Amino acid sequence: MLFSLLDLAPVPEGSDIPQALKNSTELAQKAESWGFHRYWLAEHHNMPGIASAATAVLIGHIASQTQRIRVGAGGIMLPNHAPYMIAESFGTLAALHGDRIDLGLGRAPGTDMLTARALRRGMGHGDNFPQDVVELMEFLGPEDAEQKVRAFPGQGTQVPVWILGSSLYGAQLAAQLGLPYAFASHFAPQALDEALSLYRRSFQPSAHLEKPHAMIAANVFAADSDAEGTRLRTTMQQAFARLRLGKPGKLPAPVDDIAAHLEPHVLAGVNEALQVSATGSPDTVQGALSDIIERYQPDELIITGQIHDHQARLKSFKIAAEILKAA
């Protein structure tokens, strides 16, 4: 089974964006050496703790600092962009870095509604996601001299397109178009079982993909002990709670007792959202990842983990890679 890594270029409290980008570059280089198949970056906006907003720019940088690992978007939020502009951007990335670039597409704006309007002024509110996906793939598809509008760069690159989602909508669209599908189970796992089942049974083979390819996401907080892994996880619990409460900020430092920092109902909701996780010592994480893989039978597992300390974050992903290589 392939295993990959999702990065949001986190900006910890006490640090800044330039350092966060340096940290992501180092992580990508180490991820390549540890055997990760892909290194994906996610588009979010108006969030002080996330430095991957200009996702295509950061993908280009990461690809230039690595050699073999696939680098891509997990994902680009299609409502924020004209398909033609995405085709030119990812066509340029493909021209620079060859067949190492992936393009995952999401239907959400990846931010609040005020920021969404700032990103794409004057756009209507209709859901054009399926049509935009098809239009974008046409711009990246085989050369067609009869096509009135062509993407240069872009045309003929056939950058692999993925559909991302956390509901049945994305699963159905990916199956209909014959595209690989990635489910955001690291923060919205409620529909995971049903979405995977729908995608697999409804999949229509295409020129892009002969059979279903489903990726699921899991959080990993690995350390020398269960107690330390649990402590590392409190950073993401706090960050997720603040986001839900409309108070996003930089990535908070871990705490010893998360229950002392979050109201019980808030903590319960956060823990439900983050239930697809593996937390603790290497043995504990191995057991949790084995359970996730056995239950969902993914073709690929992509892991993530918002950890405050950069060295602890590197160590967590290294432990996970060693476990997944042996799986």
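## A look inside the core and strand S4

In this predicted model, the largest nonpolar core brings together 78 residues. Those with the most contacts inside this core are Phe-36, Tyr-39, Phe-90, Leu-103, Leu-105, Val-133 and Tyr-199. Helix H11, which spans residues 310-326, supplies the largest share of this core, with seven residues. There is also a second, separate core of 16 residues, and among its members are Leu-232, Ile-258, Leu-274 and Ala-312.

Let's zoom in on one residue of the largest core. Setting aside its neighbours within four places in sequence, which residues is Val-133 in contact with? They are Leu-78, Leu-105, Ile-163, Leu-173, Leu-177 and Leu-179.

Leu-105 leads us to strand S4, which covers residues 101-106. Is S4 mostly covered or uncovered? It is mostly covered, as six of its six residues are buried. Both of its faces are covered: Ile-101, Leu-103 and Leu-105 lie on one side, while Asp-102, Gly-104 and Gly-106 lie on the other.

Now for the strands that pair with S4:

| Strand paired with S4 | Sense | Bridges | One facing pair |
|---|---|---|---|
| S3 (residues 70-77) | parallel | five bridges | Gly-72 and Asp-102 |
| S5 (residues 161-165) | parallel | three bridges | Trp-162 and Gly-104 |

How does the chain get from S3 to S4? It passes through helix H3, residues 83-97, and this β-α-β crossover is right-handed. On the S5 side, Trp-162 is the bridge partner of Gly-104, a residue of S4 that is itself buried.

Conventions: Residues numbered from 1 in each chain as written. Predicted model: local features only at pLDDT ≥ 70, side-chain atom pairs only at ≥ 80, totals over all residues. Heavy atoms only, no water. Core = buried A, V, L, I, M, F, W, Y, C linked by side-chain atoms within 4.5 Å. Buried < 20%, exposed > 50% of the residue type's maximum accessible area, 1.4 Å probe, protein only. Helix = DSSP H or I, 4+ residues; strand = E, 2+ residues; numbered from the N terminus. Contact = heavy atoms within 4.5 Å. Pairing = 2+ DSSP bridges. Right-handed = clockwise from strand over helix to strand, strands pointing away.
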